[in-house]
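Visitor: Could you take me through one part of this structure slowly? I am new to it and would like a close look at a pair of helices.

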Amino acid sequence: MYPSVNEGESQSEPSRDVRTGLDPGNLSQAVCDYLYYFQGRHPATASRNDFYLSTAYAVRDRLFQRGVQSLDALLHRPEGRTVAYLSAEFLMGPQLAANLVNLGIYDAMREALWRMDVRLEDLIEHEVEPGLGNGGLGRLAACYLDSLATLEIPAIGYGIRYEFGIFSQQIREGWQVELTDKWLHLGYPWELARPERAVSVRYGGYTEPYTDEQGRYRVRWIPAEIVKGVPHDTPILGYRVKTCNLLRLWRAEAVHSFDLAAFNVGDYSRAVEEQVTTETISKVLYPNDASPQGKALRLKQQYFFVACAIEDMLRAHLRFGGRPETFHKRWAAQLNDTHPAVAVPELMRLLLDDHGLEWDDAWDVTQKTFGYTNHTLLPEALETWPIDLFGALLPRHLEIVFEINRRLCDGIRRVYPGDEDRVRRMSLVEEQGRRSLRMANLACVGSHAINGVAALHTELLKSQVLSDWVAMSPERFCNVTNGVTPRRFVLASNPALSRLVTETIGDHWPARLEALRGLEPHAEDPAFRKRWRDVKRENKQQLAAVIKERTGISVDPESLFDIQVKRIHEYKRQHLNVLHILTLYRRLKENPGLDMVPRTFVFGGKAAPGYHVAKLIIKLITATGDLVNDDPDVRGRLKVVFFPNFSVKAGQAIYPAADVSEQISTAGQEASGTGNMKFSLNGALTIGTLDGANIEIREEVGPENFFLFGLTADEVRAAKASGYNPRAVYEQNQELRAVVDLIGSGGLGGDPGLFRSVLDGLLWHDPFMVLADYQAYVDCQERVAALWRDPEAWARMSILNVARMGKFSSDRSIRDYCERVWHVGPLGAPTEGAP
Ligand code: BZD
């Protein structure tokens, strides 16, 4: 049985009608109708995919029914803002279970399908997720959509409907191989295309001045290329509420799909040329999560969805009687990193050129409209666009950016006369090397609010990367610590834990996560601890079965599951984890009788295809598995698994089964992390550095319930400033030396040169302080092992972790955004500070 917490609406409200009712009878009728009349199938011959699609359509009907009502309420309200979340990525994850949970009909649908001899779990397993994001940033956008709807805040997510999302990862002979992600190939039932709402997007060409009827100087843009943006809408229902918002993703289409003249003269390829080149814009997601690709197509993508979104927002505003001058009173637009920062000159362009506003008025509207969220401190990740490239694609925007910059620089000179160095640093234009636009500076100047994603990250932003901006306008900065949706990451993915929690503290916690505090006293109850451990064991057994199926590796559910899943990156230090595993391995080799806690190490995550060291780290992990897994001296005490193709769906199976969560980035590097929250919410104990949101997690759960190790961000800086020498650390640490030498001597896979670039990086540069933190990490892992030997103490800590994680619901994050950035309340009502 699924927790009764999901049964809200179906129990409290009688079924309305056959078409959209929520009881099992209505639902099985609806699924059957879709099978017959939409799929053209008889239930007896229908495939699993047929059933999946029909079930999804039946659910979608019920979502859009609520969506229509939400929109209607919006159109009739006299005032208030709608939030537009502008993001190049939305990593939505599978939709079926999450929608059933939010609708409150999980059990009803299960029963409905059971009557047709179909298992709901099989359909959920069958579902393919849209991987329209790289990692944390895209998944955060998806969690925020869930919370916005749950808090009944009118919102639209605007982004790109990539035909191919993040590549699908296979592991062949231990190496990552990338395959195209064909998420649409069996049909995507959750969206509705709206071709009638298409908008035009322009590129290239030139601008020319003219004088309007009032004798005013104006500029017009004569583009060289026009592309159509077609919106595809996915309904986003809140948890146990009627509010249903939208995710509106844009697909690029040719204005003329076919050149008949070319076709008629026999030039078939030219006849479809325009279509092919245009559709390239929304073809594929760029798979880099850190270093931006300065490719023209990427800029085309960014402008494409931003232009579509702003046009859509402005059109709605004007249609319902708004004036261009009051745009910001109806819309609060959030820039999810700098990827949509071109929205700033785009809104200016529309207000100036199309609606005839004066500069100061247009600028006031623009600044009041936008907020900017920064997600990274890595200098190489800050986006810039070469001026020549930007100007060729967006000539009018470049003029506007130059004018913004002229006024910005004048302003700086007024406040800091003679400080040309400051002007150079804050300028929107980087003059060194190939002249380029600094998108973070553009996002800052165009926004009334700027935030980081965890307390430390915001502090470092303020004191380092954006310190000049803080000096100019400190009131614009705030922190909003990230959060995750407990509906997906606990209720839908960990039913066993959800049932136990609901039985213990009632069913309010998914919408009011602070209520988890009610679990605290139960940490002292041995009977409760036993049930807690039973839940974890059940989840570990399930994961063990999945691991066996995906990798062929047998793992023992009784062993400690020590898990690191996230993008592969040197700053996240998967290789530090490997050094620890090899340390344990060597100890066992030297002393096969050693009394060691049996551990299963699970890794998962994708490496950017062009990031060679990250791909080599994957090989390092799999080679470690090959060495360790079948060694008779190890006798099953160490297992190393690389879980291929980590995704939202995979995460939902993995987080509930973890005992230890690895959050071991170099302090000062991980902006926040959100996997750290998902693990801890599912009862894993964290081993982590003082980085990103780890700091706040530790504060909440209590330092005694968190395994802390490693240098602090300040210590990292100080060590680097005083000439950190990783080679000396290596020379002085015997165990470390032995492990590094094992890798370097071909002990993993036989080829001594294979991992040369990883090892040379560590020994000669080690920018991420892997060797500096090695001993502290190994020591901390000893403390983990010691605690594992006391299952009662472990369970107590695990319970306290969950009980104290309430802060990390994305509902809290969204409330913070509402209060600190958007100034909106439920139904978009203005709150204090609203413009
Ligand atoms: O954003 C991540 C950070 O690294 C995490 O610390 C943080 O928790 C999350 C959410 O705030 N950043 C990304 O995921 N970034 C990207 O995926 C990305 C994608 C394209 C281009 C640049 C970065």
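Visitor: At roughly what angle do the axes of helix α2 (residues 24-37) and helix α5 (residues 106-114) cross?

Guide: Happily! This is a predicted model, in which local features need pLDDT of at least 70, side-chain atom pairs count only at pLDDT 80 or more, and totals for chains, interfaces and linings use all residues. Residues are numbered from 1 along each chain as its sequence is written.

The axes of α2 and α5 cross at roughly 55° and come within 8 Å (axes are lines fitted to C-alpha atoms over the stretch in contact, with angles from 0 to 180 degrees between N-to-C directions; helices are DSSP runs of H or I, at least four residues, numbered from the N terminus). The two helices are therefore oblique to each other (neither under 35, over 145, nor 65 to 115 degrees). The crossing of α2 past α5 is right-handed (the near helix is turned clockwise from the far one by less than a right angle).

Now look at who meets whom. From α2 come P24, L27, S28 and V31, while α5 supplies A108, M109, E111, A112 and L113 (contact means C-beta atoms, placed from the backbone, within 7 Å). Sorted by class, this contact has seven nonpolar residues, one polar and one charged (Ala, Val, Leu, Ile, Met, Phe, Trp, Tyr, Cys and Pro are nonpolar; Asp, Glu, Lys and Arg charged; the others, Gly among them, polar).

For some wider context, the chain is divided into domain 1 (77-94 + 129-482 + 815-828) and domain 2 (486-808), with bounds from an automatic or database domain assignment. Their centres, taken over C-alpha atoms, are 35 Å apart. Between them, 39 residues of domain 1 touch 33 residues of domain 2.

Methods:
Two residues are in contact if their C-beta atoms, placed from the backbone, lie within 7 Å.
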